[in-house]
Amino acid sequence: MGAHRGEGRRDWLQQDANPWNIMIKHRQVYRRGRRSQMTMSYTDPVISMDLLRTVLQPSFNEDIMGVFRKYMKFFEKAASNVKENFEEDVQTEQLIREVCRNCLENAKQLFSDGEKSAVARPGPEPPVKRVKPEDESSQRTSPVPKKWDPSRLNEGSTFVLGSRANKALGMGGTRGRIYIKHADLFKYAADAQDKHWLAERQHMRATGGKMAYLLIEEDVQDLSLSNDYKDCPDLKMTPVELKPFTVPGWMIEKMQKAMEVQSSGKE
């Protein structure tokens, strides 16, 4: 008789492992508790579906990790290249975790309800606070509208090293994070001639074959005024921190051509 009870208990456990049975049981509990109120719904559909999600979540997580493992070699290679190209230490694991989170965040758009759903997306487009028309300064966000206009560059334009901008915006702990968080921000990859000129004038150290990016100071200043950074305690947008500088006309021409190429690529 004990064996019979043991088998019955195992059958019960196996039956409860089925997520559909959990939904049925949930409906039955509501039904028994509301016999005196037969006009009411037997169950809450949202709760039922969330119960099912809870049961299936571990399987979903395993499948999702399988997808990330499939593409992890690309993330690891990219993070390795970033670490190799920059002179300061780069926390590759943090870069990989952040790009994985961004992938999941953007995947929400697959299940959006159109205008009813506002999916938060990482990047240079922070939510704009609604303010009165006269208060225009608080509406300044990333320099998206003007960043691809080559004519805005001239010999009077000032530039900053990407590494200094990264630190000034409070992201000094993760080198290169500014390029991930603001992927659409214009950045100019200095070539050997540019780096030689910059090193001679002590705007940067000689980096050999490592990458060096130049950002437009105005763009970085605009970023610092956006909602992404207005409450950042580590924000240090001072000339001492940024060390802006101008460049000669021949370098401006190369930047304008690079901007045109990047603009056509985005469009």
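**Helix α4 and its end**

I began with helix α4, residues 92–107, where I found Glu93 and Arg97 four residues apart, about one turn of the helix. The model I am reading is a predicted one, so I take each value below as computed from it. Glu93 forms a salt bridge with Arg97, and I noted 4.0 Å between the closest N and O atoms. I then looked up how open the two partners are: Glu93 is exposed, at 58% relative accessible area, while Arg97 is partly exposed, at 44%.

Next I checked Glu105, which forms a salt bridge with Lys108, their closest N and O atoms being 3.1 Å apart. Here Glu105 has 23% relative accessibility and counts as partly exposed, and Lys108, with a relative accessible area of 45%, is partly exposed as well.

**Other salt bridges**

How many salt bridges does a search of the whole structure find? I wrote down 10. As a reminder to myself, side chains of opposite charge can pair when their charged atoms come close.

One of the pairs I followed up is Asp194 with Lys254, whose side chains meet in a salt bridge at 2.8 Å, N to O. This pair links distant parts of the chain, since Asp194 sits in helix α7 (residues 192–200) and Lys254 in helix α10 (residues 249–266), with their positions 60 residues apart. Is Asp194 buried or exposed? I found Asp194 buried, because its relative accessible area is 0% and the cut-off for buried is under 20%. Lys254, at 22% relative accessibility, counts as partly exposed, so Lys254 falls outside that under 20% cut-off.

I also noted a network of salt bridges that links Arg152, Glu218 and Asp219.

**Helix α3**

I turned then to helix α3, which spans residues 45–85, and asked where α3 bends. The bend is at Tyr71 and comes to about 50°. Tyr71 itself is partly exposed, with 39% relative accessibility.

For the aromatic rings, I recorded a count of two aromatic pairs. Tyr71 and Phe74 form a tilted pair, 6.3 Å from centre to centre and with 40° between the planes. These two are three residues apart in helix α3, so about one helical turn separates Tyr71 from Phe74.

Which residues of α3 are buried? My list reads Ser48, Leu52, Phe68, Met72, Phe75 and Ala79.

On the surface I found a nonpolar patch of about 380 Å², made by Val55, Leu56, Phe60, Ile64 and Leu104. Helix α3 gives this patch its largest share, four residues. I looked at Ile64 in particular: it lies in helix α3 and is partly exposed, with a relative accessible area of 34%. Ile64 can therefore count towards a patch, for which over 30% is asked.

**The chain as a whole**

Last, I stepped back to the chain, in which I counted 10 helices and three strands. From the N terminus on, I read the order of the elements as α-α-α-α-β-α-α-β-α-β-α-α-α. Of the 267 residues in the chain, 29% are buried. The accessible surface comes to about 17700 Å², and carbon and sulfur atoms hold 53% of this. Among contacts with a separation of 6 or more, 69% join residues 24 or more positions apart.

How values were computed. Residues are numbered from 1 along each chain as its sequence is written. This is a predicted model: local features need pLDDT of at least 70, side-chain atom pairs count only at pLDDT 80 or more; totals for chains, interfaces and linings use all residues. Side-chain values use heavy atoms; hydrogens and water are left out. Patches are made of residues with over 30% relative accessible area and no salt bridge: like charges are joined within 9 Å, nonpolar side chains (Val, Leu, Ile, Met, Phe, Trp, Tyr) within 5 Å. Accessible areas come from the Shrake-Rupley method with a 1.4 Å probe; for residues, only the protein chains shown count as cover. Buried means under 20% relative accessible area, exposed over 50%, partly exposed in between (1.4 Å probe, protein chains only). The bend at a residue is the angle between axes fitted to the seven residues ending there and the seven starting there. Contact means heavy atoms within 4.5 Å. Rings of Phe, Tyr and Trp (its six-membered ring) pair if their centres lie within 6.5 Å; planes under 30 degrees apart count as stacked, over 60 as edge-to-face and the rest as tilted.
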